[in-house]
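Hi,

Here is the structure I promised to pass on. Have a look at it first, and then read my notes below.

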Amino acid sequence: MSRISPPVPERFLSKAYQSVLAKGVSKQTVTFMEEALSVMQDIASQGYPDEVCGLLIGHTSTKGWLVEEVRQVENLNKERAADRFQLDPAGYQAIDASLRGSGKEIIGVFHSHPDCPAQPSPTDLSNAWEGFVYPIVSVVQGEVAEVHCWVLTDDVSAGGVFQKLLHHT
């Protein structure tokens with residue numbers, strides 16, 4: 001990762017953005033296989049200046065998530081690709097079908113934040129599913145600046161918000 005710090009647009013400091021974040025760090029963790037983390041960062045930097053997205057494949061346990069593989073999925077949001085993503089459902093379904101019988105499963109969704117911090121937005125919260133891990137890759141001037149991982153504290157309909165997860169390889 002670069003030594004570039006992501007800019008923090010004013011909206012990230014707003015009450016709306018702060019209200020989607022829980023205090024503290026989750027006791028669960030995310031472990032990335034080295035190649036999976038590298039692939040995710042490469043996808044994010046190559047997609048700059050647009051948001052890109054994809055799926056995390058691996059295993060879950062009571063301790064957290066093991067990310068063994070990352071696969072890019074098309075961002076269908078062409079109008080606001082610089083600051084929004086819409087994961088292609090057909091891409092999700094194709095990857096899900098390819099995993100049947102493999103012992104692996106889809107365990108999360110990643111996306112990039114071009115020229116913004118790796119912090120979830122209210123839009124990210126409205127599209128999140130309980131039980132998945134959500135890495136966000138901040139890309140500044142085409143270089144990965146930071147990666148942070150997030151998990152929902154509860155179902156969104158029950159008032160769930162994002163809590164930060166520690167991650168490592």
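Let's start with a residue you might easily scroll past: Asp-115 sits in the loop between strand 4 and helix 4. Keep in mind that this is a predicted model. Asp-115 has a positive phi of about 55°, although it is not a glycine. Most residues other than glycine have a negative phi. As for the surface, Asp-115 is partly exposed, with a relative accessible area of 29%.

Gln-141 is another non-glycine residue with a positive phi, of about 50°. You'll find Gln-141 in the loop between strand 5 (133–140) and strand 6 (143–152). With a relative accessible area of 61%, Gln-141 counts as exposed.

While you're looking at the backbone, check the peptide bond from Tyr-48 to Pro-49: it is cis, with omega near 15°. Most peptide bonds are trans. Pro-49 belongs to the loop between helix 2 (34–47) and strand 2 (53–61).

Now for the inside. The search gave one cavity of 30 Å³ or more, and the space in the largest cavity is about 150 Å³. There are 16 residues lining the largest cavity, and the closest to its centre are Glu-51, Asp-83, Arg-84, His-113 and Ser-121. Sorted by class, the lining has six nonpolar, five polar and five charged residues. Strand 4 (105–114) and helix 4 (122–126) each supply at least two residues of the lining, and strand 4 has the largest share, with three residues.

Ser-121 deserves a second look. Like Asp-115, Ser-121 is in the loop between strand 4 and helix 4. Is Ser-121 buried or exposed? Its relative accessibility is 7%, so Ser-121 counts as buried, the cut-off being under 20%. Leaving aside residues up to four places away in sequence, Ser-121 touches Tyr-17 and Val-20.

Tyr-17 leads us to the aromatic rings. A search of the whole structure turns up five aromatic pairs. One of them joins Phe-12 and Tyr-17, a tilted pair at 4.8 Å centre to centre with 50° between the planes. Both Phe-12 and Tyr-17 are buried. Another tilted pair is Phe-132 with Tyr-134, at 6.4 Å centre to centre and 45° between the planes. Phe-132 and Tyr-134 are both buried too, and they belong to one aromatic cluster with Tyr-92, Trp-129 and Phe-162.

Last, the charges. Side chains of opposite charge can pair when their charged atoms come close. Five salt bridges came out of a search of the whole structure. Among them is Glu-69 with Arg-71, where the closest N and O atoms are 2.6 Å apart. Glu-69 also forms a salt bridge with Lys-104, with the closest N and O atoms 3.9 Å apart. Lys-104 is in the loop between helix 3 (89–99) and strand 4, and Glu-69 is in strand 3 (residues 64–73), so this pair ties together parts that are 35 residues apart in sequence. Glu-69, Arg-71 and Lys-104 are thus linked in a network of salt bridges. Each of the three is partly exposed: Glu-69 at 24% relative accessible area, Arg-71 at 25% and Lys-104 at 30%.

Glu-74 and Lys-78 form a salt bridge as well, with their closest N and O atoms 3.2 Å apart. Here Glu-74 is partly exposed, at 42%, whereas Lys-78 is exposed, at 58%.

Cheers

Notes. Residues are numbered from 1 along each chain as its sequence is written. This is a predicted model: local features need pLDDT of at least 70, side-chain atom pairs count only at pLDDT 80 or more; totals for chains, interfaces and linings use all residues. Side-chain values use heavy atoms; hydrogens and water are left out. On a 1 Å grid over the protein atoms alone, a cavity is a set of points where a 1.4 Å probe fits but cannot get out, and a pocket is an open set with protein on both sides within 12 Å along at least five of seven lines; lining residues have an atom within 4 Å of a point. Grid points are joined across faces, edges and corners, and a volume is the space filled by probe spheres set on the points. Helices (H or I, at least four residues) and strands (E, at least two) are DSSP runs, numbered from the N terminus. Ala, Val, Leu, Ile, Met, Phe, Trp, Tyr, Cys and Pro count as nonpolar, Asp, Glu, Lys and Arg as charged, and the others, Gly among them, as polar. Buried means under 20% relative accessible area, exposed over 50%, partly exposed in between (1.4 Å probe, protein chains only). Contact means heavy atoms within 4.5 Å. Rings of Phe, Tyr and Trp (its six-membered ring) pair if their centres lie within 6.5 Å; planes under 30 degrees apart count as stacked, over 60 as edge-to-face and the rest as tilted. A salt bridge is a side-chain nitrogen of Lys or Arg within 4 Å of a carboxyl oxygen of Asp or Glu.
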